[in-house]
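Reader: I would like a close look at one part: the salt bridges. Please also cover what surrounds them.

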Amino acid sequence: MNFFKYYKEQVKVIRERDPAIHSNKEALLYPFFWAMWAYHKAHKQYLKGNYYKARKISQKAARKTGIEIHPGAVIGEGFFIDHGNGVVIGETTIIGNNVTLYQGVTLGGTGKEKGKRHPTIEDNVMVSVGAKVLGSFTIGANSKIGAGSVVIREVPPNSTVVGVPGRIVKQNDVKIPRLDLCQVDLPDPILAAINALQQENETLKLELSKIEEEEMLLTKIAKAVEDKAKINEEHIKSNEELIRKHETEIKNNEENIKKNRADVDKEKK
């Protein structure tokens with residue numbers, strides 16, 4: 001590739017995605033600029049089967065830039081690594097067009113398996129700071145990988161992934177990440193779950209408070225009923241005594257009547 005043509009392409013990409021650049025010459029100061037220049041040369045040697053020479057070029061660039069791109073990786077147009085230190089791209093990685101990576105990103109494998117063992121990153125994907133994408137699967141077009149995420153499973157297009165292990169928290173988000181490079185306004189499913197639990201806890205507290213109030217009211221009612229029952233029981237006992245007293249008086253009166261009748265009958269005789 002002609003250096004001047006490469007320079008113009010990279011200036012366009014950097015200006016599109018990094019507001020920190022103020023002049024075209026500054027592109028020459030980006031580690032990514034030289035890492036990709038070395039990659040193109042190394043990849044050309046790799047395709048010719050000159051694996052030692054290809055690795056020698058890539059390792060020299062890795063020592064100088066902090067960006068390790070295996071010469072066997074396939075990288076599309078419009079690729080950009082912001083800052084770049086600590087980025088690792090494995091041998092069988094396939095990267096589409098207009099992909100953006102940030103420092104500390106790893107596109108790696110999961111073991112010693114042969115063949116395709118690194119991820120495929122489709123067009124317009126953004127992989128945020130420190131994220132790890134490990135294994136031979138596809139990150140769908142227009143997706144975002146949140147900072148610090150560890151992705152070990154396939155991601156559908158237009159998705160947002162966060163967490164360890166990575167979880168899909170949004171789908172069918174059709175914004176193009178290379179034009180929307182926000183790394184912080186991403187959903188947090190753990191925080192959302194905690195907030196939901198807190199809300200549920202508050203609801204349960206309110207319900208428990210109502211139950212306790214109802215229990216206190218029922219206790220008061222039960223006490224009032226019990227007190228009323230005691231009063232009624234006392235009234236019943238009092239009435240029973242009055243009834244017994246009246247029965248005694250009636251019995252005495254009946255005896256007096258009998259006696260008086262006997263006296264009258266006696267006088268008549």
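Author: A salt bridge here is a side-chain nitrogen of Lys or Arg within 4 Å of a carboxyl oxygen of Asp or Glu. The model is predicted, so local features need pLDDT of at least 70 and side-chain atom pairs pLDDT 80 or more, while totals for chains, interfaces and linings use all residues. Numbering starts at 1 along each chain as its sequence is written, and side-chain values use heavy atoms, without hydrogens or water.

The whole structure holds four salt bridges. Take Arg-17 and Glu-16, one of the pairs. Their side chains meet at 3.1 Å, N to O. The two partners differ in cover. Arg-17 is buried at 4% relative accessible area (buried is under 20%, exposed over 50%, partly exposed in between, with a 1.4 Å probe and protein chains only). Glu-16 is partly exposed at 38%.

Another pair is Arg-117 with Glu-91. Here the closest N and O atoms lie 2.5 Å apart. This pair links distant parts of the chain, 26 residues apart. Arg-117 sits in the loop between β7 (106-108) and β8 (120-121). Glu-91 sits in the loop between β4 (88-89) and β5. (Strands are DSSP runs of E with at least two residues, helices runs of H or I with at least four, numbered from the N terminus.) Glu-91 is partly exposed, with 21% relative accessibility.

Now the setting of Glu-91. His-70 is in contact with Glu-91 (heavy atoms within 4.5 Å). His-70 lies in the loop between β1 and β2. At 15% relative accessibility, His-70 is buried. Beyond four places in sequence, its other contacts are Tyr-39, Tyr-46, Arg-55, Ile-89 and Gly-90.

The strands around these loops belong to an open sheet. Its order is β2-β5-β8-β11, with parallel pairing throughout (two strands pair if DSSP finds at least two bridges between them). At the edges are β2 (74-75) and β11 (138-139), each pairing on one side only. Strands β2 and β5 (residues 94-95) run parallel and share two bridges. Ile-75 has Ile-95 as its bridge partner in β5.

A second open sheet has six strands. They run β3-β6-β9-β12-β14-β15 in order, and the pairing is mixed. Its edge strands, β3 (80-82) and β15 (167-170), each pair on one side only. Within it, β9 (residues 126-127) and β12 (residues 144-145) pair in the parallel sense over two bridges. There, Val-127 faces Ile-145 of β12.

Ile-67 sits in the loop between α3 (51-65) and β1 (68-69). It is buried, at 1% relative accessible area. Leaving aside neighbours within four places in sequence, Ile-67 touches Pro-31, Phe-32, Ala-35, Ala-61 and Ala-62. Ile-81, Gly-84 and Val-87 are also in contact with Ile-67.

Move on to helix α4. Ile-67 and Glu-200 are 133 residues apart in sequence, with their C-alpha atoms 47 Å apart in space. Helix α4 spans residues 189-268, and Leu-217 is found in it. Glu-202 and Lys-205 form a salt bridge, with the closest N and O atoms 4.0 Å apart. These two residues are three apart in helix α4, so about one helical turn separates them. Both partners are partly exposed: Glu-202 at 42%, Lys-205 at 48%.
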